[in-house]
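Welcome! Look over the sequence and the 3D structure below, then work through the exercises that follow, trying each task before you read its solution.

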Number of protein chains: 2
Amino acid sequence: MSRKKAPKSVIKRLPVYLRILDNLIRRDVEVISSRGLSDETGFTAEQIRKDLAYFGAFGTRGTGYNTSYLRDKLMRIIGLDKKTRLVIVGAGYLGKALTRYNVLKNPYVDIVGVFDANPQEVGSEIEGIKIQSIEDIPEVLNKQNVKVAMITVPAEAAQKVVDSLISLGITAILNFAPTKLIVPRKVQVHNADLTIELQSLIYYVMEEEKEEKESRIQK
Amino acid sequence: MSRKKAPKSVIKRLPVYLRILDNLIRRDVEVISSRGLSDETGFTAEQIRKDLAYFGAFGTRGTGYNTSYLRDKLMRIIGLDKKTRLVIVGAGYLGKALTRYNVLKNPYVDIVGVFDANPQEVGSEIEGIKIQSIEDIPEVLNKQNVKVAMITVPAEAAQKVVDSLISLGITAILNFAPTKLIVPRKVQVHNADLTIELQSLIYYVMEEEKEEKESRIQK
């Protein structure tokens, strides 16, 4: 295992490649060049070749990548060829949406618990999974080896929830709470910010309106 | 307006800078260097200086950026100093979560309609906004100038919904449906993929487990 460790930015692009490959396979595209992958992803062909080279030699010079082969390799590299156990803490609308989405769409995910602080939510079911009280988290995590948690609690509750999860063995957190979490170095936190995409979209709408106004003035 | 047009990748980083600046201001940090911004964002200092230079000269050489000043400038550049009208189509768990989140947290957003195809949802309220039938979309969009839509309908319904929205004047779409949308060139689509962050997180968990196993074997 003397291979150079791939930086975080590369790892974040692997799921994008996977998504594109899924689309290509659905469209019966069997082979794609790094140039073709560039058109689909918006990353440069050179970037794509460099990214994939961290994990091995997958393409054929002058031909490109076999889409199914590369897809299977990426699934294994990311770790989606096995089920990953995870818990979801916070069963508001977003927690429920994520539970349903993962049960229906992500076969590589095994949701071993969905928890909420609200007694009125506890006991109700989403896609066959019963919502449990957050007080039951230690019991569930002590019984099973779980490393991954999704957090959809309110911002002001997030840090406390996360501290407790880390003390119970969680090492990877997908944080949907709009707050910055403080965690030990060995814990990975990815922040899923639903606002960032919206803001960059608003930028383009505003630009368009500005251009429209300017072209009207010029007339 | 001879300024060079900023590429999409730059525009996508502006909200990240904004988020970091908000955090810094909350921590009473008044000035930050591009180096400091680099530590907070993970982008290189050079990248940050280059990104911001598209929009003007905001820093002082040798000192850095005034956080409040840069924040206000970015708000204006992105277009968050005015309210943007938008509609949300799909009032399942995710649509409701987005409605609530935007009403409570995003003062620059004005949700003028939330729509769903399910008659059982129509008439119920989230944060004071009444869910309307998707059949009411044309009436609402004809009455008001709306350019932005968030789509949280099932994948198989998304294209039809989007075609209809575009015919009614929508030019910017934030798509949460797990499908690729086909739109005219002048329409902006941003795909918000809740799975991509999860997958790169799973990669790190798998890596960690591999390392643990290897270190056990070596013992």
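**Exercise 1: Two chains and an axis**

A rotation of 180° with 0.0 Å of shift along its axis superposes chain A on chain B, with an RMSD of 0.0 Å; the fit is by least squares on the C-alpha atoms of residues with pLDDT of at least 70 in both copies. This is a predicted model, in which local features need pLDDT of at least 70 and side-chain atom pairs count only at pLDDT 80 or more, while totals for chains, interfaces and linings use all residues. Residues are numbered from 1 along each chain as its sequence is written, chains are lettered from A and ligands numbered from 1 in the order in which they are written, and side-chain values use heavy atoms, leaving out hydrogens and water.

Task: Name the relation between the chains, and find which residue of chain A comes closest to the rotation axis.

Solution:
- Step 1. The rotation found above is the relation of a two-fold axis.
- Step 2. Of the residues of chain A, A:Tyr93 comes closest to that axis, with its C-alpha at 2.4 Å.
- Step 3. The copies meet through the same surface, because 100% of the interface residues of chain A are also interface residues in chain B.

**Exercise 2: Domains of chain A**

Task: State where the domains of chain A lie and what distance separates their centres.

Solution:
- Step 1. Domain 1 covers 8-78 and domain 2 covers 84-195 in chain A; such bounds come from an automatic or database domain assignment.
- Step 2. Taken over C-alpha atoms, the centres of these two domains of chain A are 31 Å apart.

**Exercise 3: A helix pair in chain A**

Task: Describe how helices α1 and α2 of chain A pack. Helices here are DSSP runs (H or I, at least four residues) and strands are runs of E (at least two), numbered from the N terminus.

Solution:
- Step 1. Helix α1 (residues 8-26) and helix α2 (residues 34-41) of chain A pack at about 100°, their axes 10 Å apart. Axes are lines fitted to C-alpha atoms, for helices over the stretch in contact, and angles run from 0 to 180 degrees between N-to-C directions.
- Step 2. That makes α1(A) roughly perpendicular to α2(A). Angles of 65 to 115 degrees count as roughly perpendicular, under 35 as roughly parallel, over 145 as roughly antiparallel and the rest as oblique.
- Step 3. From α1(A), A:Val16, A:Tyr17, A:Ile20, A:Leu21 and A:Leu24 meet A:Leu37, A:Glu40 and A:Thr41 of α2(A); contact means heavy atoms within 4.5 Å.
- Step 4. These contact residues divide into six nonpolar, one polar and one charged. Ala, Val, Leu, Ile, Met, Phe, Trp, Tyr, Cys and Pro count as nonpolar, Asp, Glu, Lys and Arg as charged, and the others, Gly among them, as polar.

**Exercise 4: The three-stranded sheet of chain B**

Task: Give the strand order of this sheet and find its edges.

Solution:
- Step 1. The three strands form an open antiparallel sheet in the order β1-β3-β2 (chain B); two strands pair if DSSP finds at least two bridges between them.
- Step 2. In chain B, β1 (31-32) and β2 (59-60) stand at the edges with a single partner strand each, so one side of each has no neighbour in the sheet.
- Step 3. Two bridges pair β1(B) with β3 (residues 64-66) of chain B, and B:Val31 has B:Asn66 as its bridge partner in β3(B).

**Exercise 5: The seven-stranded sheet of chain A**

Task: Trace the sheet and locate two helices that pack on it.

Solution:
- Step 1. The open sheet runs β6-β7-β5-β4-β8-β9-β10 (chain A), with mixed pairing.
- Step 2. Its edge strands are β6 (125-126) and β10 (188-191) of chain A, each pairing on one side only.
- Step 3. Helix α5 (residues 93-105) of chain A packs on the sheet, touching β4, β5 (109-116), β6, β7 (129-133) and β8 of chain A.
- Step 4. Helix α7 (residues 155-167) of chain A also packs on the sheet, touching β4, β8 and β9 (172-175) of chain A.
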